[in-house]
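Reader: I am new to reading protein structures, and I would like to understand how the words used for them are justified. Could you take me through one example slowly?

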Amino acid sequence: MITADRLRSMAEPESGDVSAAIYTDEEVYRRELDAIFRKSWLFVGHESQLPKAGDFFTSYMAEDSIVVTRNRAGELSAFLNVCRHRGMKICRAELGNTRAFQCTYHGWSYGLDGELKAVPHQEAYGPGSRARGVGRDPCCACGVV
Ligand code: FES
């Protein structure tokens, strides 16, 4: 864990001088992730970036890739850019317009709200498989689905 003395050595509040090390120090980065990025609302984009139904862009919440979309009803959604099957990214583009997202690994497809819509060869998966339940898969306590 980074010490207060080490942090003070990287920044001088009176003069405003900041050591370049503060931008590359692994401990400072981890502390920022825990103290700020995993505990606060994060700005990921503005609705004006998605003027049309089907528009999407990808962004990051700390180290987690997310997809932000506008659905056919004009509603905005944000969800983790991860396939609920084996964790592959479901969207590799930075932005665009689409009707759905399809994982390139085994073909599971997701709606513009991140809901699992279809699983090819669903019968091949076991009874306890996530392939059996279509729908949204909440990622964590932050409420992003
Ligand atoms: S990892 Fe996405 S369908 Fe298998």
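The questions and answers below go through some of the terms that apply to this model.

Author: Please keep in mind from the start that this is a predicted model. In broad outline, the protein chain has 2 helices and 9 strands, and along the sequence these elements follow the pattern α-β-β-α-β-β-β-β-β-β-β.

Reader: Why is T3 called exposed?

Author: A residue counts as exposed if 12 or fewer other C-beta atoms lie within 10 Å of its own. T3 has 9 C-beta neighbours inside 10 Å, and therefore T3 counts as exposed. As for its place in the chain, T3 belongs to the segment before helix 1, which covers residues 4-10. The C-alpha atom of T3 is separated by 9.6 Å from that of E27, a residue 24 positions apart from T3 along the chain.

Reader: What share of the protein chain counts as buried?

Author: The word buried requires 20 or more other C-beta atoms within 10 Å, and 18% of the 145 residues count as buried.

Reader: How do you know that strand 3 and strand 4 pair?

Author: Two strands pair if there are at least two bridges between them. Strand 3 and strand 4 (residues 64-70) are joined by 6 bridges and run antiparallel, so the requirement of at least two is met. Within this pairing, S59 stands opposite I66 of strand 4. The two strands form a hairpin with 2 residues between them, and in the turn A62 has a positive phi of about 55 degrees.

Reader: What makes strand 6 a partner of strand 3?

Author: The same test applies, namely at least two bridges. Strand 3 (residues 55-61) and strand 6 (residues 95-97) have 3 bridges in the antiparallel sense, and in one of the pairs F57 has L95 as its bridge partner.

Reader: Which residues have the most contacts inside the largest nonpolar core?

Author: They are I66, V67, V68 and I90, in a core of 18 residues. Strand 4 and strand 5 (76-80) each supply at least two residues of this core.

Reader: Why are strand 7 and strand 9 called edge strands?

Author: Strands 7, 8 and 9 form an open sheet in the order 7-8-9, with antiparallel pairing. Strand 7 (101-102) and strand 9 (116-118) each pair on one side only, and they are the edge strands. Strand 7 is joined to strand 8 (residues 109-110) over 2 bridges, which satisfies the requirement of at least two, and F101 stands opposite Y110 in strand 8.

Notes. Residues numbered from 1 in each chain as written. Predicted model: local features only at pLDDT ≥ 70, side-chain atom pairs only at ≥ 80, totals over all residues. Helix = DSSP H or I, 4+ residues; strand = E, 2+ residues; numbered from the N terminus. Core = buried A, V, L, I, M, F, W, Y, C linked by C-beta atoms within 7 Å.
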